[in-house]
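Morning, everyone. I have one chain to walk through today. Please put it up on the screen.

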Amino acid sequence: MKSIRYILTAFTVAVAAFCTVAQDSSSSASAPVRRRGPRDRQEQQAAPGVTERMQDFFSSDNSSLSDADMQWMRVIYRQLDLEKDANAPLYFPEEPVDGQENLFRIIMRLLAANQLKVYEYLDGREIFSEKYESKVKDILDRFYIIYNPAKGSTEKNPKFDIDEADVPANEVLSYYVIERWSYDTRNNRLKPVVEAICPVLHRAGDFGGEAVRYPMFWVKYSDLRPHLAQQTIFVNDDNNLPTCTYDDFFNLTMYEGDIYKTRNLKNKSMAQLYPDPDDRKRAQDSIQNRLDSFEKRLWTPTREELLAQAEARDALEAGNDSTAAEVKEAKPARSSRAARANNKRSKKKPAKVKESQASKSSSATKSVRRRKR
């Protein structure tokens, strides 16, 4: 009896599984097969290529150091003038060419797609919190950038369509950059890290004149970095292949910028602390020299280095002494002809006197000897 029950149970399970498979195959056969069209390919290409894992990877590289790991830190504010040759890769190409875009167009494209957070530019302080987060619509209205609501835009997720001709990329002629120079004990090295970037518009008035600078907003570099790591650029006129990325450009400090502020207790800029341009330039050079020579002042020199320094110091002193002696020996040679003639005359006279004295002395000795005899 048990064997019969076992056979019946197995037969029932097999029939039920067969019915389920048949039902699934019939439903899949009745469903229409949809092929991908060109529109689907465009949507797939337009989809953001930055995943959460990539975002975490790039953001953790900058913020992984804690205060316990750092022994020293200084915050530097720089102004990057795009007219300099070193900063030209941030401005060119003005229009998108072969998939290449300049920095400001990348930022505006991400803003229009609501993929980037920006913060208000507060004169004298920078606070990257939700309270000071700026809305994209307010920024576009403030700087008179023409836009249209994009498809699928909502109040919680606003998106905008901005024509390439309406992006004021040719008016962004400089950037403000916040650098954090920190020395950590894990790597035993001093390395600058870019914390935030602010595009600056240069717009002239209705009646011409000098252009006025309008800082637009702050962007955290950790939020922008995954997108910059995917954009290749070329930084050398001798090699037109785009072998470098924007992320490499900033991490390797390939840009050039003047220091316009350092974080200080008074929260004042360099122009406020040093009104005179010459004093300001000397202060900027002094700050940069201290940053460049910071690592050299950290380590105690070895015995070989001390000996080499002592030898170099002795050689320098010996060289100074020899030059002084040469100068002293060269002074008589610069005497005039009259002085040299007088020297010759003075040398001849003592010779005659010596001869006469010699003759007198010889005669005297003879007379003495004769007397003794």
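Which elements do the buried residues of α9 pack against? Keep that in mind while I set the scene. This is a predicted model. The chain has 11 helices and 10 strands.

Now the answer. The buried residues of α9 pack against four strands, β1, β4, β5 and β10, and against the helix α8. On the display, β1 is 70-81, β4 is 172-184 and β5 is 189-205. Look for β10 at 258-262 and α8 at 270-273.

Which residues of α9 are buried? Ala283, Gln284, Ile287 and Leu291. They sit on the same side of α9, because their arc around the axis is only 100 degrees.

A quick check on the helix itself. α9 runs over residues 277-292, so 16 residues. At 1.5 Å a residue, α9 should span 22 Å. Its end C-alpha atoms are 23 Å apart, which agrees.

Next, the cores. Nonpolar side chains tend to be buried together in soluble globular proteins. The largest nonpolar core here has 40 residues. Leu90, Tyr175, Leu224 and Phe250 have the most contacts inside that core. Two or more residues each come from α4 (103-112), α5 (136-142), β4, β5, α6 (221-228) and α7 (246-251). The biggest giver is α4, with 7 residues.

Zoom in on Tyr175. What does Tyr175 touch, leaving out residues up to four places away in sequence? Among its partners are Arg78, Gln79, Leu80 and Leu82. Leu90, Leu103 and Phe104 are also touched by Tyr175. So are Ile197, Cys198, Pro199 and Val200.

There is a second, separate core, with 10 residues. Ile76, Leu190, Met270 and Ala283 are included in that core. Ala283 is also one of the buried residues of α9.

Now a loop residue. Gln100 lies in the loop between β1 and α4. Is Gln100 buried or exposed? Its relative accessibility is 17%. The cut-off for buried is under 20%, so Gln100 counts as buried. Beyond its neighbours within four places in sequence, Gln100 contacts Pro93, Glu95, Gln231, Thr232 and Pro242.

Last, the whole chain. There are 373 residues, and 28% of them are buried. Take the contacts with a separation of 6 or more: 63% of them join residues 24 or more positions apart. The exposed area is about 26600 Å², with 51% of it from carbon and sulfur atoms.

How values were computed: Residues numbered from 1 in each chain as written. Predicted model: local features only at pLDDT ≥ 70, side-chain atom pairs only at ≥ 80, totals over all residues. Heavy atoms only, no water. Expected span 1.5 Å × (residues − 1). Buried < 20%, exposed > 50% of the residue type's maximum accessible area, 1.4 Å probe, protein only. Arc of directions from axis to C-beta. Contact = heavy atoms within 4.5 Å. Core = buried A, V, L, I, M, F, W, Y, C linked by side-chain atoms within 4.5 Å. Areas by Shrake-Rupley, 256 points an atom, 1.4 Å probe, with all protein chains shown as cover.
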